Amino acid sequence: MIFGAPPGSIRAPAVPADGLRGLKVELVERDGHLAELGAIFEMSRTGKGQVVLVDGPPAVGRTALLWAAGQRATAAGFRFVSATCAPQERSLPMGVMTQVLQAIGAAGPPEDDDGDPVRLAAHAAAALLAAAGDTPLLIGVDDLRHADEQSLRCLFHLGRRIGAARVTIMLTDTADPDRPVAADLLRLPYARRMTLAPLTSAGIHDLVARTFDRATASRLTPVMDALSGGNPLLLQALLEDDLDGSGPTVQRYGRTFVSCLHRADLDCLRVAHALAVLACGAPDEEVTPLAGLDADAVRHAISVMDNAGLLQGGCFRHPAARLAVLADLSSADRDELYRRAAELAHARGASADEVGAHLVAAKDATAPWAPSVLREAAEHALLDSDPERAVACLRLALTAGLAPGPAAEFGARLAEARWQTNPAAAAGDWPALAADAAAGHLARRQIPTVIRGLLWDGRTGDAERLMERLRRQDAGSAEVADVDVWLGVVHPSLTRRRAGLSGADLPDPLSADPWARAAAGLADLFTRGRHSDAVTAARQTLRNVHLSRTSLWAAEATALALAVLTYRDQGDAVEDWCRQYLADADRRGTRTMTALVSAGLAEALLRKGDLAGAVSHAEAALAALPGKAWGVAVAMPLATAVQAHTRAGQHDRAARCLARALPEEALQSRYGLHYLHARGEYHLATGQQHAALADFLGCGELVRGWGLDDPGIVPWRTSAAEAWLSLGNADQARALAFDQLGRPGIDDSRARAAALRVLAAASTPGRRLQLLTEALEIFEARGDRIGQAGVLYDLSRAYHKPDQRRRARLLLRQALHVADLCGARPLYHELLDRARDAGDTAVTAGPANGLDSLTGSERRVASLAVMGYTNREIATKLYITASTVEQHLTRVYRKLDVKRRRDLPAGLWAERAESGRSARNGA
């Protein structure tokens, strides 16, 4: 045993764990230091002993420089012996000197030294000086601050005696020259100090260029510099993560960051733990109590980490570093830090968001003030469209042992927050809340939300019982009236709304949810036939919806506003708002809200004839929420997808949508009407006329029983009339068409146009042109391309007489073009076959070249020519002479490289229809 070291305690000289590549990385920009060390070794070789202290921030390459110096000294004929200090061996007497003495094979201490420190130091110095008699000696000691006290005395004793010896003592330490032993050694006349610093940008570029090409180095250097601060170990980790030069993935970065902290003082680790818990750049007065240090120690630790490139202005350079520092703590220690942080933040009056975040991280709501703070933090999270954070706050608050009333209130808010992210996650909450309401634990204003949650999940019986209880207990309340009015549109079988009475007419409006009142107001205006007012209210609702994301009813009011606009043929307004909402990440709400908006957009696009867009957004809506999360409302996007696939001729896809499980209760809701109508359309398209008729008449039975017979919702009469026509019963078809035309509020609506088209088909040929012409104008104004294509087809057949063949052919080409634009493949192929049967060889409806070269006047003339008007008719419509029309057409033929009127592209008609509709909408 040498100098009292226990067996197994002798450590081999440390070699960098990263091997040669590690040495290469860390020695960038160290040539000057190596040159200075070379000069020192030459002086030592001549009998002028030297002491060198290499210091600097943690992990900047002190160890690498020591080993590089050792290699050079060995090559120059020196004997290199070393010792590595470690914190856990600081209490081991003579632990460091044992490593050095063992390396030179020195004998043990004199048997009469009795452990005397002076004798031990003298013996160690004598052994080392003797070893240097034959060969110059380089003694390296790494991480001096962790050396044991007896070894430090030996080093100081040796250092004072090497002035005339061939010995160099090279020590590494952190940048703290005031450390006692370091200060004593540096006062020797032959001692000097070298301070290392992180790499510069030029050094980083040089390092990256050694691994990749210089172009890649120029691209990566700014990123590497920002993430590493020039710290060689962090750079090495980044380079190993980025083996292909595409950019660092910071996988090893966090682990290396923690390793660098462990090379620093314990204070740095404590401060880093505190900073990881607190916000970036937290002031010293917040870090100090959490780290358990005084202000000077905190400032010093932050300065050390800044200088080492680990931090930048007291902030982590990448989130991976913060996460790794938190992971370095045990679970118990981490929770305790967050708990203390929450207490300190609450004591100084910090925001609920900050305190709540600490409480959630600590998983501790035992403080008496914690539940109220968590509730406020949850409300803020909902306003920020972050329901996951709200769920975490509310769930934690419910662990605080609340009384039944507050527990029910928190539970209701938790269910709302869960619903906004995934309604399926809240499905189990609504029955329990209904029981709380029955027990009197739930506030009256929260009961409508529970009713809606139950209905969404198809729990109609539970919702009806709760609604009956609310009616009995608070018959005159605004909440009862609001829910009853809303039920009249969405779940009409459950309503008991008195005609003309809405929540807005009742006292105490402040007690109700304002978004429930908005939904009720929309429903009331719609059911009372005040369509213009309903459209205005719907637009106002959509303008305001971004102001509140805390209420489940905000999503309901939004969905209802989109539906009202769609039912009133305001599809352009719906499309504009939905696209803006979906594209604006800052205004976008939760997944459930996004799904509802996507479904609303899909329905609006379907009514415009954009089949591909309707399918895309219906599928996006269905994909936004998992499994059964859609509840009964799944009938809406499914209906849109079925209709779009059916009209596009994709009957197998429509069948797969119909095969999807649908809650039985859905067919007793507004959403089920759309599904039943879509299923009827599929049956009609696939030759199942009687099944289609049953579905359409079933829709009629439901809406008439509900008092909601508005053809803007589902045009069941004209759909049933089409089924009757396909069965050869024109009388029934005419009766249904006349019945729809007699409904109030359908002037200039798609419903009127559809009825006119059916009536034309069931009427004598002499009446058809007038009916179809009016229908075409309405479909154009409303932007319904499929309706336009169908009417154009009917017009072409109506004009198919010997003296009208030219106009019939042009109308057929226009119908073909519009059907192609819509993607309505069955109609397109039917039109194509008819055109070919008629001998029309110009049936291709592809894009035409040269349209951009036409002037506005030329476009107007050409579009009317495409529609089959004669030159005289065009002149009359445009208030110009027939000669001017002829001149315009001549220029159009030349620009478009066609020879006659029949060769004009059908797209000109579509442009005219679109521009005319835009002008009317603008007016």
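**Overall fold, salt bridges and the largest cavity**

The chain is built from 46 helices and seven strands, and everything described here comes from a predicted model. Of its 923 residues, 56% count as buried. The accessible surface adds up to about 37,700 Å², with 51% of that area belonging to carbon and sulfur atoms. As for how the chain packs against itself, take the contacts between residues at least 6 apart in sequence: 67% of these join residues at least 24 apart.

Charged pairs come next. Side chains of opposite charge can pair when their charged atoms come close. The count for this model is 53 salt bridges, and a few of them are worth walking through.

Start with Arg145 and Asp265, whose side chains meet in a salt bridge with an N to O distance of 3.4 Å. This pair ties together distant parts of the chain, 120 residues apart. Arg145 sits in the loop between β3 (137-142) and α6 (149-159), while Asp265 comes from the loop between α11 (253-263) and α12 (266-277). Are the two partners buried or partly exposed? Arg145 has a relative accessible area of 7%, under the 20% cut-off, so Arg145 is buried. Asp265, at 28% relative accessibility, counts as partly exposed.

The salt bridge between Arg210 and Asp206 is a local affair, with 3.2 Å from N to O. Both residues belong to helix α8 (residues 201-211), and because they are four residues apart there, about one helical turn separates them. Arg210 is partly exposed, with a relative accessible area of 39%, and Asp206 is also partly exposed, at 31%.

Arg807 and Glu873 form another salt bridge, and here the closest N and O atoms are 3.0 Å apart. Again the pair links distant parts of the chain: Arg807 lies in helix α41 (residues 805-822) and Glu873 in helix α44 (residues 871-878), 66 residues apart. On the arginine side, Arg807 counts as buried at 16% relative accessibility. Its partner Glu873, at 32%, counts as partly exposed.

Not every charged residue stops at one partner. Salt bridges that share partners join Arg375, Glu379, Glu409, Arg413, Glu416 and Arg445 into one network.

That leaves the empty space inside the model. Rolling a probe the size of a water molecule over the atoms shows where empty space is left. The structure holds eight cavities of 30 Å³ or more, and the largest cavity takes up about 180 Å³.

Which residues lie nearest the centre of the largest cavity? They are Ala559, Leu596, Gly600, Met636 and Arg670, out of 17 residues that line this space. Four helices each supply at least two residues of the lining: α23 (447-456), α28 (552-567), α30 (591-608) and α34 (670-685). Of the contributors, α28 gives the most, with six residues. As for chemistry, the lining divides into 11 nonpolar residues, two polar ones and four charged ones.

Notes: Residues numbered from 1 in each chain as written. Predicted model: local features only at pLDDT ≥ 70, side-chain atom pairs only at ≥ 80, totals over all residues. Heavy atoms only, no water. Salt bridge = Lys/Arg side-chain N within 4 Å of Asp/Glu carboxyl O. Buried < 20%, exposed > 50% of the residue type's maximum accessible area, 1.4 Å probe, protein only. 1 Å grid on protein atoms, 1.4 Å probe; cavity = no way out; pocket = protein on both sides within 12 Å on 5 of 7 lines; lining within 4 Å. Points joined across faces, edges and corners; volume = space filled by probe spheres on them. Nonpolar A, V, L, I, M, F, W, Y, C, P; charged D, E, K, R; others polar. Contact = heavy atoms within 4.5 Å. Areas by Shrake-Rupley, 256 points an atom, 1.4 Å probe, with all protein chains shown as cover.
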